[in-house]
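Trainee: I have a model open on my screen and would like to walk through it with you. Could we take it one question at a time?

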Amino acid sequence: MLSLHAKSHCVCPSAGFYFSTEDDYQSQSADAEQHHSIEEFIIQFIDGSDFACNLASAINLHQGNLASYFELLDDLDDADESQQAAFLYVLNDLGYDTSEALEKYEDVMLSEEEPDAIAQEYAEDCMELTGFALQYFDAASYVRDCFASGDWSTIHNNGTRYTVTNANGL
């Protein structure tokens, strides 16, 4: 379950609170403002899924974009882990803002396979290499070239490594 903490700059003991929803934040921050005259908080990620943590980091979660953070979590709640990884890739590595990332993340081609296996499959299916010609295909060199040219990239989400096979095409 998601757990965030709003920490005040004030040194008073009751200057912070835990919350897990936007409504919870709104009611507790209104209470802090009314009783302690506290208006500004530092938002800290405490616990939740790897995706929720990575998203908080990617958007540099703060008081001003908290509503957007909860909207993104809601929008991507039904997405599987690879789609969430694709969203983070578009956001972090390609530098799109959140609205553009929501439009682009479905275009990311991800594979959980090892890069050598992807290269071998490419040689067989796309290059139509068979038998004798296939044995001379150097998958390791092909993989190295794909990463060096920026055609491929890797990302990690929830402990899974994904290879982005269309990194230059986004």
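Trainee: Let's start with Ile43: is this residue buried or exposed?

Mentor: Happy to, and do keep in mind that this is a predicted model. Ile43 sits in strand S3. Its relative accessible area is 9%, and buried means under 20%. So Ile43 counts as buried.

Trainee: Which residues is Ile43 in contact with, leaving aside its neighbours within four places in sequence?

Mentor: Contact here means heavy atoms within 4.5 Å. With the neighbours within four places set aside, the contacts of Ile43 are His5, Ala6, Phe19, Tyr25, Leu61, His62, Gln63 and Leu66.

Trainee: And what separates the C-alpha atoms of Ile43 and Val108?

Mentor: Along the chain, Ile43 and Val108 are 65 residues apart. In space, their C-alpha atoms are separated by 30 Å.

Trainee: Which strands stand at the edges of the open sheet that has S1, S2 and S3?

Mentor: The order in this open sheet is S2-S1-S3, and the pairing is antiparallel. An edge strand has a single partner strand, so one side of it is left without a neighbour in the sheet. That describes strand S2 (16–19) and strand S3 (41–47).

Trainee: How many bridges join S1 to S2?

Mentor: Strand S1 covers residues 3–8 and runs antiparallel to S2. To find one position on screen, look for His5, which stands opposite Tyr18 in S2. The number of bridges joining S1 to S2 is four.

Trainee: Which strands does helix H1 touch as it packs on the sheet?

Mentor: Helix H1 spans residues 22–36, and its direction makes about 165° with that of S2. The strands it touches are S1, S2 and S3.

Trainee: What is the order of the open sheet with S4, S5 and S6?

Mentor: Here too there are three strands with antiparallel pairing. Strand S4 (110–111) and S5 each have a single partner strand, so both stand at the edges. The order is therefore S4-S6-S5.

Trainee: How many residues of S6 are buried?

Mentor: S6 is joined to S4 by two bridges and to S5 by five. S6 is largely enclosed by the rest of the structure, because most of its five residues are buried: the number is four.

Trainee: Which residue in S6 is the bridge partner of Ile155?

Mentor: Let's go through the pairs on both sides. From S4, Leu110 stands opposite Val164, and Ser111 has Thr163 as its bridge partner. For Ile155, the bridge partner in S6 is Tyr162.

Trainee: What phi does Asn158 take in the hairpin of S5 and S6?

Mentor: Most residues other than glycine have a negative phi. Asn158 is not a glycine, yet its phi is positive. The hairpin has two residues between the strands, and Asn158, at 27% relative accessibility, counts as partly exposed. Its phi is about 50°.

Trainee: Is Asn60, which also has a positive phi, buried or exposed?

Mentor: Asn60 has a phi of about 55° although it is not a glycine. You will find Asn60 in the loop between helix H2 (50–58) and helix H3 (66–75). Its relative accessible area is 56%, and the cut-off is over 50%. So Asn60 is exposed.

Trainee: At what angle do helices H6 and H8 pack?

Mentor: Helix H6 covers residues 115–125 and helix H8 residues 139–149, and their axes are 9 Å apart. H6 is roughly perpendicular to H8, a term used for angles of 65 to 115 degrees. The angle is about 105°.

Trainee: How many nonpolar residues does the contact of H6 with H8 have?

Mentor: Among the residues that meet are Ala119 and Tyr122 in H6, with Val143 and Phe147 in H8. By class, the contact includes one polar and one charged residue, and the number of nonpolar ones is eight.

Trainee: Last one: which residue forms a salt bridge with Arg144?

Mentor: Side chains of opposite charge can pair when their charged atoms come close. The structure holds one salt bridge, and its closest N and O atoms are 3.3 Å apart. Arg144 is exposed at 52% relative accessible area, while its partner is partly exposed at 43%. That partner is Asp145.

How values were computed. Residues are numbered from 1 along each chain as its sequence is written. This is a predicted model: local features need pLDDT of at least 70, side-chain atom pairs count only at pLDDT 80 or more; totals for chains, interfaces and linings use all residues. Side-chain values use heavy atoms; hydrogens and water are left out. Axes are lines fitted to C-alpha atoms, for helices over the stretch in contact, and angles run from 0 to 180 degrees between N-to-C directions. Angles under 35 degrees count as roughly parallel, over 145 as roughly antiparallel, 65 to 115 as roughly perpendicular and the rest as oblique. Ala, Val, Leu, Ile, Met, Phe, Trp, Tyr, Cys and Pro count as nonpolar, Asp, Glu, Lys and Arg as charged, and the others, Gly among them, as polar. Buried means under 20% relative accessible area, exposed over 50%, partly exposed in between (1.4 Å probe, protein chains only). A salt bridge is a side-chain nitrogen of Lys or Arg within 4 Å of a carboxyl oxygen of Asp or Glu. Two strands pair if DSSP finds at least two bridges between them.
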